[in-house]
Amino acid sequence: MKKVILSIPIVLALYACGSEESKQTEHSAEPMQTQEQKISKVETEQQVNDNATKTNIIKLDNRLSEPTEDTHCSMCNMKVYTKEHEMGVFSAQAIKPNGSVVFYDDIGCLLNDEYVNQVDNEKFVRDFNTLNWLNVEDAIIVKTDLRSPMNWGYIYFKTSEDANAYVKEHNKAKITPIAQVREEAIERHKNKNAHSHSSEGNQMDMKMGENN
């Protein structure tokens, strides 16, 4: 009888421990499930964002094209070099408000087209390393002593790391903001027009002198 009485507290104690462990397991499992749900939600959101980014890239690429051997600059009518040519790294293109795509042989012509025609185009240049197109407003522009079709010498990078690496290796290279390049392009265009008008005036004066 004593053995039976003594065993009852032991059984009760074991039962209580088992119940406590069961409660702890239930409580510990609930946060784990919640954490898994959170991870799954984050991964799903990331996947959606990645897909959206890919969609935007595809849409952007579909609007762009490549110049051919017969392509000429929309501004100066000079040859626009293809990607395979060593001068092709300086080529540019723009998407006009009506959706048409035009090409330029150098960045000066790209910017002056907007200035002369008073229009705001979507402007693209080539990444110096990959030759992929990128929006000029997002590009890191570097002034160099490289010979370009219109002697501007600007090259472009997608990342500041690539641009800084190039500048570090080339003493004469320097990063230049797009606003400065635009001002330079407009000033150069004005000087060219002024010189052209001056030459026309001199020729007219010479003709008038001959007639007299």
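**Exercise 1. Find how strand S5 pairs with its neighbours, and describe the sheet they form.**

Solution, step by step.

Start with one pair: strand S5, residues 140–143, runs antiparallel to S6, and 4 bridges link the two. Bear in mind as you look that this is a predicted model.

Next, pick out a facing pair of residues: lysine 143 sits opposite tyrosine 154 of S6.

Now turn to S7. Strands S5 and S7 are antiparallel and joined by 2 bridges. Here lysine 143 stands opposite lysine 174 in S7.

Put the pieces together: the 3 strands make an open sheet in the order S6-S5-S7, with antiparallel pairing. Its edge strands are S6 (154–157) and S7 (174–175), each pairing on one side only.

Finally, look for the helix that lies across this sheet. Helix H3, residues 160–169, lies across S5, S6 and S7 and runs at about 10° to S5.

**Exercise 2. Work out the strand order of the other sheet described here, and say which strands stand at its edges.**

Solution, step by step.

Begin with S1 and S2, which run antiparallel and are joined by 4 bridges. A facing pair to look for is isoleucine 95 opposite valine 101 in S2.

Then widen the view: 4 strands form an open sheet in the order S2-S1-S3-S4, and the pairing is antiparallel. Because S2 and S4 each have a single partner strand, one side of each is left without a neighbour in the sheet. From one strand to the next, the twist averages 30°.

A helix lies across this sheet too: H2 lies across S1, S2 and S3, at about 175° to S3.

**Exercise 3. Is helix H2 largely enclosed or largely open? Support your choice with residues.**

Solution, step by step.

Count first: helix H2 covers residues 107–117, and 8 of its 11 residues are buried, so the rest of the structure largely encloses it.

Name them next: the buried residues in H2 are Ile107, Gly108, Cys109, Leu110, Leu111, Asn112, Asp113 and Glu114.

Then step past the end of the helix: just after H2, glutamine 118 has a positive phi of about 50°.

**Exercise 4. Describe the surroundings of aspartate 113.**

Solution, step by step.

Locate the residue: aspartate 113 lies in helix H2. Its relative accessibility is 2%, and because buried means under 20%, aspartate 113 counts as buried.

Look for a polar partner: the side chains of aspartate 113 and asparagine 117 are joined by a polar contact of 2.4 Å.

List the contacts from further along the sequence: leaving out residues up to four places away, aspartate 113 touches Ser74, Met75, Lys96, Tyr104, Val119 and Asn121. Serine 74 is 39 residues away along the chain, yet its C-alpha atom and that of aspartate 113 are separated by 7.9 Å.

**Exercise 5. Where is lysine 123, and what does its side chain reach?**

Solution, step by step.

Place the residue in strand S3, which spans residues 122–126. With a relative accessible area of 3%, lysine 123 is buried.

Follow the side chain of lysine 123: it reaches the backbone oxygen of asparagine 121 at 3.0 Å.

Check the neighbours: not counting residues up to four places away in sequence, lysine 123 touches several residues, among them Gln93, Leu110, Glu114, Asn135 and Arg182.

**Exercise 6. Which residues have the most contacts inside the largest nonpolar core, and which elements contribute to this core?**

Solution, step by step.

The largest nonpolar core has 27 residues, and Tyr104, Ile107, Leu110, Val125, Ile141, Tyr154 and Tyr156 have the most contacts inside it. Elements giving two or more residues to this core are S1, S2, H2, S3, S4, S6 and helix H4. Helix H2 supplies the largest share, 4 residues.

Zoom in on a member: the residues that valine 125 touches, beyond those up to four places away in sequence, include Leu110, Trp133, Leu134 and Tyr156.

Another core, of 9 residues, lies apart from the largest one and includes Val142, Ile155, Phe157 and Tyr166.

**Exercise 7. Sum up the whole chain.**

Solution, step by step.

Count the elements: the protein chain has 4 helices and 7 strands. Along the sequence they follow the pattern α-β-β-α-β-β-β-β-α-β-α.

Then consider burial: 28% of the 212 residues count as buried.

Close with the surface: the accessible area is about 14700 Å², with 53% belonging to carbon and sulfur atoms.

Technical notes:
Residues are numbered from 1 along each chain as its sequence is written. This is a predicted model: local features need pLDDT of at least 70, side-chain atom pairs count only at pLDDT 80 or more; totals for chains, interfaces and linings use all residues. Side-chain values use heavy atoms; hydrogens and water are left out. Buried means under 20% relative accessible area, exposed over 50%, partly exposed in between (1.4 Å probe, protein chains only). A polar contact is a pair of N or O atoms within 3.5 Å; within protein, one must be able to donate a hydrogen and the other to accept it, and residues adjacent in sequence count only if both atoms are side-chain atoms. Contact means heavy atoms within 4.5 Å. Two strands pair if DSSP finds at least two bridges between them. Axes are lines fitted to C-alpha atoms, for helices over the stretch in contact, and angles run from 0 to 180 degrees between N-to-C directions. Accessible areas come from the Shrake-Rupley method with a 1.4 Å probe; for residues, only the protein chains shown count as cover. A nonpolar core is a set of buried Ala, Val, Leu, Ile, Met, Phe, Trp, Tyr and Cys residues joined through side-chain atoms within 4.5 Å.
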